[in-house]
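I opened this notebook to keep track of what I looked up, one topic per entry. The entries follow the order in which I went through the model.

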Amino acid sequence: SNPDSACLYILVTETDRLDPSRLSHWQGDGRNHLILNTASTKSLAPISTGRALIAQGTFDRAQYRGRFDVVLPQIDLQNKMPVWKVAPYMVPITRKYLLSFQGEYKPVANTQVPDSFPNIIKKELMLMEHGKTNDKFMFSTTCPTKAFEVDEADWFLCNKEIE
């Protein structure tokens with residue numbers, strides 16, 4: 001009830017035009033603010049959001065601040081249907097697998113490191129797949145065809161789903 005003692009100020013907006021400096025508790029740089037933009041296809045216009053976190057469905061490449069801003073799933077809030085019917089591929093309720101990964105690691109040429117990070121990842125994924133849970137997982141760390149080429153020491157995704 002007292003905004004002076006709030007830890008976080010949350011601003012919910014449905015517009016791409018916003019002047020946060022007019023907010024009474026903005027304090028010049030937006031510290032302790034979360035701007036939640038619910039406009040499904042519009043990112044905030046280029047404005048100074050300072051230290052405020054931005055959560056929205058789309059970002060312009062120059063606007064997104066990695067490890068700071070949050071990309072939200074694009075859900076039409078005007079639609080009155082349950083979210084699992086609007087976005088069935090994002091929620092496990094209607095999915096066959098709780099978690100799936102289809103990709104392959106491209107190692108650095110002419111190196112063989114048995115306990116390398118990619119091998120540790122593969123081992124952990126397989127442990128999850130065969131663990132003591134009723135959830136289903138699907139992991140494939142080899143691809144018949146690649147979706148695109150990547151640099152050495154990186155993962156690339158498979159071109160087609162593996163059944």
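Entry: charged pairs. I began with Arg31, which in this predicted model is partly exposed, at a relative accessible area of 33%. Arg31 forms a salt bridge with Asp29, and the closest N and O atoms of that pair are 2.9 Å apart. Asp29 is buried, since its relative accessible area is 17% and the cut-off for buried is under 20%. Asp29 also forms a salt bridge with Arg51, where I read 3.4 Å between the closest N and O atoms. Asp29 lies in the loop between E1 and E2 and Arg51 in the loop between E2 and E3, so this pair ties together parts that are 22 residues apart in sequence. I therefore noted Asp29, Arg31 and Arg51 as linked in a network of salt bridges, given that a salt bridge requires a side-chain nitrogen of Lys or Arg within 4 Å of a carboxyl oxygen of Asp or Glu.

How many salt bridges does a search of the whole structure find? The search returns three, and one of them joins Arg65 to Asp69, with the closest N and O atoms 2.8 Å apart. Of these two residues, Arg65 counts as partly exposed at 23% relative accessibility, whereas Asp69 counts as buried at 5%.

Entry: the parallel sheet. I then followed the strands, and found four of them in an open sheet with the order E1-E2-E3-E4 and parallel pairing. The edge strands are E1 and E4 (70-71), each of which pairs on one side only. Strand E1 (residues 9-13) pairs with E2 in the parallel sense over five bridges; within this pairing I located Leu11 opposite Ile35 and Val12 opposite Leu36. E2 pairs in the parallel sense with strand E3 (residues 53-56) as well, over three bridges, and there Leu36 stands opposite Ala55.

Which side chains of strand E2 (residues 33-37) point to one face and are buried? They are His33, Ile35 and Asn37, while Leu34 and Leu36 point to the other face and are not buried, so to speak an alternation along the strand.

Entry: Gln56. I looked up this residue next, and its place is in strand E3. Is Gln56 buried or exposed? Gln56 is buried, with a relative accessible area of 0%. The side chain of Gln56 makes a polar contact with the side chain of Asn37, at 2.9 Å, and Asn37 is itself among the buried residues of E2. Leaving out residues up to four places away in sequence, I listed what Gln56 touches, including Asn37, Lys42, Ser43, Leu44 and Gln63, together with Val70, Val71 and Leu72.

Entry: the mixed sheet. A separate lookup gave three strands forming an open sheet in the order E6-E5-E7, with mixed pairing. Its edge strands are E6 (137-140) and E7 (154-157), each pairing on one side only, and the twist averages 35 degrees from one strand to the next. Strand E5 (residues 99-106) and E7 pair in the antiparallel sense over four bridges, and I noted Lys106 opposite Asp154 in E7.

Entry: aromatic rings. How many aromatic pairs does a search of the whole structure find? The search finds two. The rings of Phe59 and Tyr64 have their centres 5.1 Å apart and their planes at 70 degrees, so I recorded that pair as edge-to-face. Phe59 is buried at a relative accessible area of 17%, whereas Tyr64 is partly exposed at 35%. Phe137 and Phe139 form a stacked pair, with 6.0 Å from centre to centre and 15 degrees between the planes, and both of these residues are buried.

Entry: positive phi values. Last, I checked the backbone for residues other than glycine with a positive phi, and noted Gln27, whose phi is near 60 degrees. Gln27 lies in the loop between E1 and E2 and is exposed, with a relative accessible area of 51%. Arg67 likewise has a phi near 60 degrees, again a positive value in a residue other than glycine. Arg67 is found in the loop between E3 and E4, and at 89% relative accessibility Arg67 counts as exposed.

Methods
Residues are numbered from 1 along each chain as its sequence is written. This is a predicted model: local features need pLDDT of at least 70, side-chain atom pairs count only at pLDDT 80 or more; totals for chains, interfaces and linings use all residues. Side-chain values use heavy atoms; hydrogens and water are left out. Two strands pair if DSSP finds at least two bridges between them. Helices (H or I, at least four residues) and strands (E, at least two) are DSSP runs, numbered from the N terminus. Axes are lines fitted to C-alpha atoms, for helices over the stretch in contact, and angles run from 0 to 180 degrees between N-to-C directions. Buried means under 20% relative accessible area, exposed over 50%, partly exposed in between (1.4 Å probe, protein chains only). A polar contact is a pair of N or O atoms within 3.5 Å; within protein, one must be able to donate a hydrogen and the other to accept it, and residues adjacent in sequence count only if both atoms are side-chain atoms. Contact means heavy atoms within 4.5 Å. Rings of Phe, Tyr and Trp (its six-membered ring) pair if their centres lie within 6.5 Å; planes under 30 degrees apart count as stacked, over 60 as edge-to-face and the rest as tilted.
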